[in-house]
Amino acid sequence: MSSGTPNAFPILGDSYSTAGVTGAVPRITSLLIKPASAVCNLDCEYCFYLDRDADPYKELPARRMTHDTLERLVDSYLFYSYPASTFAFQGGEPTLAGLDFFTKLVDFQQQFGRGGQAVSNSLQTNGVLIDKDWCQLFRQYHFLIGLSIDGPEEINDRYRFNKAGHGTWKRVMQSLELMQKEKVEFNVLCVLNQANVDKPRDVYRFFRKLGIEYMQFIPLAEFNPDGSPMPFSITAEQYGRFLCEVFDLWWPERRKVRVRFFDNLAEGVAGQKPGSCTLHETCDSYVVVEYNGDVYPCDFFVEKEWKLGNVNLDSWTEIARRQKRFSFAAKKTLAHPECQVCEYQAICHGGCPKTRHGPQRRFEDLDYFCQAYKMAFSKAVGPLRKEVEKLYGQSAALTPQHISPY
């Protein structure tokens with residue numbers, strides 16, 4: 001490249017000032033891989049992937065990751081991430097890539113992995129294609145499965161349809177029961193929407209009756225061009241009430257049941273880095289890999305302006321040092337005035353850029369769910385702090401960790 005030609009993906013040390021960056025470049029600690037891109041075999045009404053104007057691949061109806069791209073991805077990331085490598089698969093619907101694709105995944109991991117290397121695989125699915133063959137693969141290679149289901153039939157089928165417009169609950173329940181029978185490790189992913197957010201007891205008890213011991217509740221917030229919430233989106237107050245009521249239901253059985261929000265909150269109270277990036281100080285822990293190898297900093301921002309590179313062309317060390325990765329990561333550090341004086345700032349760190357940026361397309365705005373977080377933190381932080389103090393034998397204070405390089 002000539003000196004007069006600008007680099008499409010400049011990295012730190014090229015034309016980027018490092019004055020505001022200290023320490024080593026933050027590593028990419030996990031991958032969110034989309035082997036079928038945003039393509040799905042369902043037609044859920046609330047899906048934020050459907051018909052997005054900003055989707056770089058919307059004109060390409062058939063998108064599948066090739067085995068060549070998969071091989072390059074696995075080989076290069078195992079080398080970069082040693083000794084612990086985390087692969088997560090999502091969509092759209094990742095099982096559309098086919099069983100053979102995931103068999104090749106495991107083959108490549110065994111071929112390119114090194115002695116002492118820990119490799120973990122997880123997959124989020126709507127469950128429609130799951131059968132015994134899938135279960136055998138998941139069980140044999142210890143995949144962790146996230147199964148999407150929004151509650152009882154009348155709740156789930158309010159928004160979750162197949163391509164024919166029919167509800168999906170009965171088919172998903174077949175997969176849930178099959179995975180239980182085949183001893184596949186899985187949890188449920190429940191999208192909180194206007195059909196279930198005001199029914200926390202019904203939803204929680206439904207999952208517990210099924211024997212589910214790990215639940216993740218994902219608040220739905222999608223916005224019209226004018227910034228108003230779409231009809232299925234929930235309000236911050238609704239989300240806060242849901243979390244508070246679920247906390248009361250969960251607390252007596254907290255030793256055997258896991259609710260991801262409260263797990264992550266406990267990690268934050270204990271001074272550890274939470275499992276959820278929403279509570280991280282910056283947004284740089286993982287990257288998204290699209291079907292063709294393109295890399296982006298966040299699943300909510302798979303857009304041309306945020307593309308970091310491509311695994312077929314770039315090394316992970318180069319991708320980790322892209323200017324755009326640092327620029328995106330730093331968006332979370334744009335503190336709103338309310339955040340600067342908030343007692344929970346050391347846990348929340350301003351919330352999620354997606355729900356800060358969503359309504360008015362401004363990263364500096366207050367998180368749409370700020371009120372919900374305050375309600376839940378007010379309810380849960382005190383009891384969780386006491387639990388942490390019992391475990392660690394010392395006081396758990398909410399103090400900033402200042403681990404960000406920005």
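1. In this predicted model, a convenient place to begin is Gly92, which is found in the loop between strand 2 and helix 2 (99-112). The bond that joins Gly91 and Gly92 is a cis peptide bond, with omega about 5°. A cis bond also leads from Tyr82 to Pro83, where omega is near 15°, and Pro83 lies in the loop between helix 1 (67-81) and strand 2 (84-89). These bonds deserve a careful look, because most peptide bonds are trans.

2. The backbone also has residues other than glycine with a positive phi, and Ser37 and His142 are among them. For Ser37 phi is near 55°, and this residue sits in the loop between strand 1 and helix 1. For His142 phi is near 60°, and the loop in question is the one between helix 3 and strand 4. Is each of these residues buried or exposed? Ser37 counts as buried because its relative accessibility is 1%, whereas His142, at 64% relative accessibility, counts as exposed. A further positive phi, near 60°, belongs to Lys183, which follows helix 5.

3. The sheet can be taken next, as several of the loops above adjoin its strands. Ten strands form an open sheet with mixed pairing, and their order is 7-6-5-4-3-2-1-8-9-10. Which strands stand at the edges? They are strand 7 and strand 10 (309-310), and each has a single partner strand, so one side of each is left without a neighbour in the sheet.

4. Within this sheet, strand 1 may be followed to its partners on either hand. Strand 1 (residues 30-33) runs parallel to strand 8 (residues 286-289), and four bridges join the two; strand 1 is also parallel to strand 2, in this case with three bridges. Ile33 takes part in both pairings, since it stands opposite Val289 in strand 8 and has Phe89 as its bridge partner in strand 2. Going on from strand 2, the pairing with strand 3 (residues 118-125) is again in the parallel sense and extends over six bridges, with Asn121 of strand 3 as the bridge partner of Phe87.

5. Helix 5 (residues 169-181) allows a simple check of geometry. Its 13 residues, at 1.5 Å a residue, should span 18 Å, and the end C-alpha atoms are 18 Å apart, which means that the expected and modelled spans agree. The buried residues of this helix are Trp169, Val172, Met173, Ser175, Leu176, Leu178 and Met179. The spacing in such a list can be read with the helical repeat in mind: an α-helix has 3.6 residues a turn, so residues three or four places apart point the same way. What do the buried residues of helix 5 pack against? Their partners are helix 3 (132-140), strand 4 (144-148), helix 4 (153-156), strand 5 (186-192) and helix 6 (200-209).

6. Glu253 is a charged residue that a reader may wish to inspect, and its place is in the loop between helix 7 (236-250) and strand 7 (258-259). Glu253 counts as buried because its relative accessibility is 18%, and the cut-off for that class is under 20%. Leaving aside residues up to four places away in sequence, Glu253 touches Tyr204 and Arg208.

7. Enclosed space is the next topic. A search of the whole structure finds three cavities of 30 Å³ or more, and the largest cavity holds about 130 Å³ of space. Its lining is made by 14 residues, and those nearest the centre are Cys339, Cys342, Cys348, Cys370 and Lys374. Helix 11 (337-340), helix 12 (345-348) and helix 14 (370-392) are the elements that give two or more residues to this lining, and helix 14 provides the largest share, four residues. By class, the lining of the largest cavity divides into eight nonpolar, three polar and three charged residues.

8. Among the open spaces, the second largest pocket holds about 730 Å³. It is lined by 26 residues, of which Phe48, Arg52, Glu222, Phe223 and Arg361 are the closest to its centre. How does the lining of this pocket divide by class? It has 14 nonpolar, three polar and nine charged residues.

Methods
Residues numbered from 1 in each chain as written. Predicted model: local features only at pLDDT ≥ 70, side-chain atom pairs only at ≥ 80, totals over all residues. Heavy atoms only, no water. Buried < 20%, exposed > 50% of the residue type's maximum accessible area, 1.4 Å probe, protein only. Contact = heavy atoms within 4.5 Å. 1 Å grid on protein atoms, 1.4 Å probe; cavity = no way out; pocket = protein on both sides within 12 Å on 5 of 7 lines; lining within 4 Å. Points joined across faces, edges and corners; volume = space filled by probe spheres on them. Pairing = 2+ DSSP bridges. Expected span 1.5 Å × (residues − 1).
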